[in-house]
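Below are some notes on the model you sent, set out as numbered points. They begin with the chain as a whole and then turn to single strands and residues.

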Amino acid sequence: MTDSTVSMPSPSMPSPQRVDPASATHTRRGEQKPFDAILFASFGGPDGQEDVIPFLRNVTRGRGIPDERLEEVAGHYRALGGRSPITAQNEAMIAALEQELAGRGIELPIYFGNRNWAPYHAEAVRALHADGRRHALGLVTSAYSSYSSCRQYREDFGMVLEETGLAGEVSIDKVRVYFNHPGFLEPVVDGVADALASLAAEGHDAERVAVLFSTHSVPTSMAEASGPEETRIEGSGGWYVAQHLAACRWVMEQLHDDSPELPHWQLVYQSRSGAPHIPWLEPDVNDVIEQLATDHTADAVVVVPIGFVTDHVEVVWDLDTEAKETAEEQGLAFRRVATSGADPRFIAALADLVQERLDAQFPRRVVTDFGGTPDVCGANCCVGRQCRPTTSAVDSAQDVEQARAEAAASSAAAGAAS
């Protein structure tokens with residue numbers, strides 16, 4: 001592939017500090033345990049119109065956002081009947097994964113828990129404990145390294161063990177981030193190829209097509225804190241941006257074998273929220289579509305939600321509705337590639353993630369030039385604004401101890417004040 005086929009990030013953005021892919025930063029393996037359950041963990045979504053605002057209150061808990069502002073986002077859910085498609089999609093993945101594991105002779109029950117809506121993580125952990133399970137593997141519906149896509153799930157696991165009183169009795173080990181597993185990326189390759197073929201059949205030249213790989217925008221401070229502390233360089237976008245770019249490059253490289261002339265591609269962002277004065281990753285997908293039309297550099301766009309596992313509300317609304325409308329308003333042909341969640345290759349990838357933790361000799365499938373990803377996160381990996389109990393990191397025990405101490409101090413202060 002020639003340089004002319006690629007739109008890269010601004011040269012002013014440095015890369016994260018390069019760490020030897022053979023070092024523990026990339027290769028640290030998890031402790032061998034007699035895993036006897038899988039905790040399938042996701043974000044959650046409302047089941048009906050009456051659930052929408054309570055769900056969004058859960059999502060924004062502690063941020064002081066009034067219901068009036070939540071109603072702006074609620075409209076996206078209400079337009080879909082108030083029920084998020086994420087729950088049914090997760091249930092379908094769980095059923096497919098159960099079949100895949102059974103076909104491999106792996107008999108592990110799967111317990112389903114969410115962060116923001118029923119069934120909650122605590123329900124799942126109490127259920128697996130009641131069933132006599134003690135060592136769970138956490139599979140999450142997010143493929144990349146950042147606070148919201150990795151560490152927050154590790155915090156969910158640490159906090160639910162504290163909440164249920166099962167810390168020390170039940171363990172939850174999160175599997176590695178899997179953006180670089182071919183079972184996650186190969187369906188994307190096929191989707192992009194099909195979209196380009198469809199546009200070509202309509203007479204669109206490759207040089208007039210733009211491929212926009214889209215992912216969830218996050219605050220730039222969160223992006224820069226993504227990855228272990230030894231990899232950080234301010235302004236680089238951290239592991240979050242680096243992993244996405246590596247995934248995009250790999251997808252386009254696979255297409256190059258069959259299509260010597262490929263369209264320009266770019267990593268873009270969507271679903272920004274929060275106060276406007278706080279910097280978030282840019283550019284926004286809609287802004288890019290408008291700019292392509294203004295500059296007359298494309299007649300068609302292929303939008304690829306590479307940052308997402310399933311076609312949930314942020315894909316269906318932000319891309320299938322808003323981005324599509326933007327393209328139509330600008331006179332650009334539009335194609336949206338499906339996410340990988342329903343593809344059998346992705347289900348097989350999830351089974352691989354389980355099997356590689358059950359069997360130290362099981363081969364780890366990793367593609368992209370980023371290198372591998374560890375089972376056990378490094379120090380201060382994807383650190384957030386406050387300390388909470390975590391699992392699956394070299395400093396998880398320290399996080400638990402510090403969080404307990406801070407909670408005890410807060411409780412004592414509150415008691416003294418009363």
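1. The model is predicted. S145 is a convenient place to begin: its contacts, leaving out residues up to four places away in sequence, are C150, V177, S226, W239, Y240, Q243 and C382. The residue lies in the loop that links strand 3 (135-140) to helix 6 (147-164). S145 has a relative accessible area of 5%, so it falls under the 20% limit and counts as buried.

2. On overall dimensions, a compact globule of 418 residues would be expected to have a radius of gyration near 22 Å, and the chain agrees because its value is 22 Å. The C-alpha trace extends about 65 × 55 × 40 Å along the principal axes. In secondary structure, the chain contains 14 helices and eight strands.

3. On burial and surface, 54% of the 418 residues are buried. The accessible surface of the chain is about 17,900 Å², and carbon and sulfur atoms account for 50% of that area.

4. Contacts in the chain often bridge long stretches of sequence. Of those between residues at least 6 apart, 78% connect residues at least 24 apart.

5. On charge, the chain carries 33 positive and 61 negative charges. The mean positions of these two sets are separated by 6 Å.

6. Is strand 2 (residues 110-114) buried or exposed? Five of its five residues are buried, so the rest of the structure largely encloses this strand. I110, F112 and N114 point to one side, Y111 and G113 point to the other, and all of them are buried.

7. Strand 2 runs parallel to strand 1 (residues 37-42), and five bridges join the two. Within this pairing, L39 has Y111 of strand 2 as its bridge partner.

8. T87 brings helix 4 into the same discussion, as this residue is located in helix 4 (residues 86-103). Outside its neighbours within four places in sequence, T87 contacts G45, D47 and F112. The last of these, F112, is one of the buried residues of strand 2. T87 is itself buried, because its relative accessible area is 6%, which is under the 20% limit.

9. Strand 7 (residues 300-304) is mostly covered, with five of its five residues buried. A300, V302 and V304 point one way, while V301 and V303 point the other way; all are buried.

10. Which strands pair with strand 7? Strand 5 (residues 209-216) pairs with strand 7 in the parallel sense through five bridges, and F213 has V304 of strand 7 as its bridge partner. Strand 8 (residues 333-336) also pairs with strand 7 in the parallel sense, here over four bridges. In that pairing, A300 stands opposite A333 of strand 8.

11. Q386 can be set against the buried residues above. This residue sits in the loop between helix 13 (344-358) and helix 14 (396-417). Q386 counts as partly exposed because its relative accessibility is 48%, and that class lies between 20% and 50%. Q386 and A403 are 17 residues apart along the chain, and 8.8 Å separates their C-alpha atoms.

Methods: Residues numbered from 1 in each chain as written. Predicted model: local features only at pLDDT ≥ 70, side-chain atom pairs only at ≥ 80, totals over all residues. Heavy atoms only, no water. Rg over C-alpha atoms; globule rule 2.2 N^0.38 Å. Buried < 20%, exposed > 50% of the residue type's maximum accessible area, 1.4 Å probe, protein only. Contact = heavy atoms within 4.5 Å. Areas by Shrake-Rupley, 256 points an atom, 1.4 Å probe, with all protein chains shown as cover. Lys, Arg positive; Asp, Glu negative; His and termini not counted. Charge placed at Lys NZ, Arg CZ, Asp CG, Glu CD. Pairing = 2+ DSSP bridges.
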